[in-house]
Amino acid sequence: MKRKSLLMAAAVGVGYWAFSEAAERRRVSWLRDKVVLITGGSRGFGLALAEEFGRSGARLVLTARDEEELERANRDLVERGVAAEKILCIPCDLTKLEDVQRMVAFATQRMGKIDVLINNAGIMTVGPLEDQPVRGFKHAIESNYYTALYATVSVLPQMLARGNGNIVNITSIGGKVSVPHLLPYSASKFALVGFSQGLHAELRSKGICVTTVCPGLMRTGAHIQALFTGDREREYRWFSLGASLPAISIAANTAARKVVRATVSGATELIITPQASLAAAVAQMAPAFTGRVLSMVNDLVLPTPQQSAKEDLRRGDAVRNKEITSLTVLGTSAKHRWNQHGTA
């Protein structure tokens, strides 16, 4: 009986291995020489996505505002095994439609076409509503929603002309559950989720697959780039913990592999991490309960509003004094791996 169980376990293991190998071959075959444009591709999750797509054989177009960051990202990718001739970096202010159109035209001229668009660019602003400047909401909408809109409408004509293409919108679980102290971010991500879902409905019959990706907490090192207001040091403390602890966050490269698989399979939606899936399900089925729980978190756990210096938004790397360094080791490691260079 014991021997039979061992044989069955071995057979299951071999079957799983064979399935995984077949899936990997299909992924590499599908992506070989596909041109993948990644916005916000110079650091964080964008860089993790670039590494995974590049290793799968895709040709990469990385775009972001900071030319120096793009150069570092290029070097990092080459050091990690992505062929230098398969990488094109183009500096671009993605909040300006004319700049995005020029970037897409240049990328198309150099690479021949854009097969896959990954809308990943974005920012995060952290702090209670009373301390949030109105411009923070405007900035979040411009950076998290309009960047995706501008890139989509710039790439879409060539995809429609070919009758094929993939658009992958990196939204957030914050686009399904609005978390306290992240209102500018959540509002912009709700807009992007709605845009992405409607885009899928309109383009599916035209040969274009739109995938809405809703990640939960990921270890990308992005907490040092987020903008903080209110009791900034305490806001940074809870935010950096969420972006670092393995029990509640996922490694960026692991999340990126899930996105690559979802792109190849043509998935309509991908929610990354079990916690995010649970939160989205509960919020949909029990909105009143979800609201009460989030209200308790806001009142009992998160820092109280300061109602002062609302216009003084500061980056995370400038407000780290109360960071619990012993618990944020993985977040710090992610910062270095994914090109998140701050001032501290």
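The following dialogue takes a visitor through a predicted model and the definitions behind its description.

Visitor: What makes a residue or an atom pair count in this model?
Guide: This is a predicted model, in which local features need pLDDT of at least 70 and side-chain atom pairs count only at pLDDT 80 or more, while totals for chains, interfaces and linings use all residues. Residues are numbered from 1 along each chain as its sequence is written, and side-chain values use heavy atoms, with hydrogens and water left out.

Visitor: How do you know what confidence the predictor has in the chain?
Guide: The guide to this is pLDDT, the predictor's confidence in each residue, from 0 to 100. The mean pLDDT of the chain is 92, and 90% of its residues reach 70 or more. Over residues 16–24, however, pLDDT stays under 50. For residues 16–24 the model has zero contacts beyond four places in sequence, where contact means heavy atoms within 4.5 Å.

Visitor: How many helices and strands does the chain have, and how are they assigned?
Guide: The chain comes to 11 helices and 12 strands. Helices (H or I, at least four residues) and strands (E, at least two) are DSSP runs, numbered from the N terminus.

Visitor: What makes strands E1 and E2 a pair?
Guide: Two strands pair if DSSP finds at least two bridges between them. Five bridges join strand E1 (residues 35–39) to strand E2 (residues 59–64), so the pair meets the definition. The two strands run parallel, and the bridge partner of Val35 is Arg59 in E2.

Visitor: To which sheet do E1 and E2 belong, and which strands are its edges?
Guide: They belong to an open sheet of seven strands, in the order E3-E2-E1-E4-E6-E7-E11, with parallel pairing. Strand E3 (87–91) and E11 are called edge strands because each pairs on one side only. The twist averages 15° from one strand to the next. At the E11 edge, four bridges join strand E7 (residues 208–215) to E11, and Pro215 stands opposite Ile272.

Visitor: Which side chains of E11 are buried?
Guide: Buried means under 20% relative accessible area, exposed over 50%, and partly exposed in between (1.4 Å probe, protein chains only). In E11 (residues 269–272), Leu270 and Ile272 point to one face and are buried, while Glu269 and Ile271 point to the other and are not. In a regular strand the side chains alternate between the two faces of the sheet. Over the chain, buried residues make up 50% of the 344 residues.

Visitor: Why is Pro246 called exposed, and why is Leu330 called partly exposed?
Guide: Pro246 has a relative accessible area of 53%, which is over 50%, so Pro246 is exposed. Leu330, at 37%, falls between 20% and 50% and therefore counts as partly exposed. Pro246 lies in the loop between helix H7 (232–242) and strand E10 (250–251), whereas Leu330 is found in helix H11 (residues 329–337). Leaving aside neighbours within four places in sequence, Leu330 is in contact with Arg219, Ser244 and Pro246, and Pro246 is in contact with Arg219 and Leu330.

Visitor: Why are helices H5 and H6 called roughly parallel?
Guide: Axes are lines fitted to C-alpha atoms, for helices over the stretch in contact, and angles run from 0 to 180 degrees between N-to-C directions. Angles under 35 degrees count as roughly parallel, over 145 as roughly antiparallel, 65 to 115 as roughly perpendicular and the rest as oblique. The axes of H5 (residues 134–162) and H6 (residues 183–203) come within 7 Å and cross at roughly 20°. H5 and H6 are therefore roughly parallel to each other. Among the residues that meet are Phe137 and Leu156 in H5, with Tyr185 and Phe195 in H6.

Visitor: Why are H9 and H10 called oblique?
Guide: The axes of H9 (residues 274–285) and H10 (residues 287–300) come within 5 Å and cross at roughly 120°. This angle falls in none of the other ranges, so H9 and H10 are oblique to each other. The contact is made by Val282, Ala283, Gln284 and Met285 of H9 and Pro287, Phe289 and Thr290 of H10.
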